[in-house]
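Biologist: Hey, I've just opened this one and I don't know my way around yet. Can you walk me through it?
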Amino acid sequence: LLLYLLLLKATLTSFSGMTSLVVVHDDLVVQRRVLTERQLTTAVAMGRLAPGPNGLYLVGVGYFVAGTPGAIAGLGAVVTPAFLIIALLRTLGRRAENPGVKRAIRAVVLAAAGLILASAVPLARDAVTGWAAAAIAAASVAVLTLTAVDTVWVIAAGALCGLLLR
């Protein structure tokens, strides 16, 4: 139940799927120490490979923390907001065209981007262990930033490069 509530908090405080990473990292890696940086990185990579929402990595996080019951808690945390959004859309949907609301949404998106960057640094320190990993990471960032290539292909190419360089 506690894991579900922590993952639900992360889901409810995110605005684009991966912004929950900051909350998950702080709650489960830094504060409670029930998840390692490497496990979190693995869960994020697996979540990005799977079809569906960006926040699907929470299922893997739950699994690493508590096995199958943890994965079920992660899945519950991912789908719960979908049910809550129906009521929210009905209530706030008409106000979404307001210029002030649009500016607030843009500000939240920019803040979320900053939070993602702040949480990516510790994960990168754990994952990038040599010149080859640094080159793969830099190339991946460049491809994702400058092209419209799907993330799955970038992860697959990075994995293949890593295997070939070993």
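Modeller: Sure. Of the 166 residues in the chain, 28% are buried. Keep in mind that this is a predicted model.

Biologist: OK, what does the secondary structure of the chain come to?
Modeller: Seven helices and zero strands. Read from the N terminus, the elements go α-α-α-α-α-α-α.

Biologist: And what box do the C-alpha atoms fill?
Modeller: Roughly 55 × 40 × 25 Å, taken along the principal axes. The chain exposes about 10,500 Å², and 71% of that is supplied by carbon and sulfur atoms.

Biologist: How much of the contacts comes from residues 24 or more positions apart?
Modeller: Those pairs account for 58% of the contacts with a separation of 6 or more.

Biologist: Let's go inside. How many residues does the largest nonpolar core have?
Modeller: It has 21 residues, and Leu-7, Leu-21, Val-24, Leu-28, Leu-40, Tyr-57 and Val-61 are the ones with the most contacts inside it. H1, H2, H3 and H4 each supply at least two residues of this core. H4 gives the most, with six residues.

Biologist: Pick one for me. Where is Leu-7?
Modeller: Leu-7 is in helix H1, which covers residues 2-12.

Biologist: Why does Leu-7 count as buried?
Modeller: Because its relative accessibility is 0%, and the cut-off for buried is under 20%.

Biologist: Which residues is Leu-7 in contact with, leaving aside neighbours within four places in sequence?
Modeller: Val-24, Leu-28, Leu-58, Val-61, Gly-62, Ala-73, Gly-74 and Ala-77. You can also look at Leu-7 and Leu-75: they are 68 residues apart in sequence, with their C-alpha atoms 9.3 Å apart in space.

Biologist: Leu-28 was on that list. What does Leu-28 touch?
Modeller: Not counting residues up to four places away in sequence, Leu-28 touches Leu-3, Leu-6, Leu-7, Arg-33, Val-34, Leu-35, Val-61 and Val-65.

Biologist: Arg-33 catches my eye there. Where does Arg-33 lie?
Modeller: In the loop between helix H2 (20-31) and helix H3 (37-49). Arg-33 has a positive phi of about 55 degrees, although it isn't a glycine.

Biologist: Why bring up the sign of phi?
Modeller: Because most residues other than glycine have a negative phi.

Biologist: Got it. Is Arg-33 buried or exposed?
Modeller: Exposed: its relative accessible area is 69%, and the cut-off for exposed is over 50%.

Biologist: New topic. What about Thr-151, which helix is Thr-151 found in?
Modeller: Helix H7, residues 151-165. Thr-151 is buried, because its relative accessible area of 18% falls under the 20% cut-off.

Biologist: What does the side chain of Thr-151 make a polar contact with?
Modeller: The side chain of Arg-48, at 2.7 Å. Apart from residues up to four places away in sequence, Thr-151 touches Arg-48 and Leu-144.

Biologist: Last thing, the outside. Which residues make the nonpolar surface patch of about 460 Å²?
Modeller: Ile-85, Ile-86, Leu-88, Leu-89 and Leu-92 make it. Leu-92 is found in helix H4, which runs over residues 57-92.

Biologist: So is Leu-92 buried, exposed or partly exposed?
Modeller: Partly exposed, because its relative accessible area is 41%, in between the 20% and 50% cut-offs. Patch residues need over 30%.

Biologist: Thanks, that gives me a place to start.

Conventions: Residues are numbered from 1 along each chain as its sequence is written. This is a predicted model: local features need pLDDT of at least 70, side-chain atom pairs count only at pLDDT 80 or more; totals for chains, interfaces and linings use all residues. Side-chain values use heavy atoms; hydrogens and water are left out. Patches are made of residues with over 30% relative accessible area and no salt bridge: like charges are joined within 9 Å, nonpolar side chains (Val, Leu, Ile, Met, Phe, Trp, Tyr) within 5 Å. Accessible areas come from the Shrake-Rupley method with a 1.4 Å probe; for residues, only the protein chains shown count as cover. A salt bridge is a side-chain nitrogen of Lys or Arg within 4 Å of a carboxyl oxygen of Asp or Glu. Helices (H or I, at least four residues) and strands (E, at least two) are DSSP runs, numbered from the N terminus. Buried means under 20% relative accessible area, exposed over 50%, partly exposed in between (1.4 Å probe, protein chains only). A polar contact is a pair of N or O atoms within 3.5 Å; within protein, one must be able to donate a hydrogen and the other to accept it, and residues adjacent in sequence count only if both atoms are side-chain atoms. Contact means heavy atoms within 4.5 Å. A nonpolar core is a set of buried Ala, Val, Leu, Ile, Met, Phe, Trp, Tyr and Cys residues joined through side-chain atoms within 4.5 Å.
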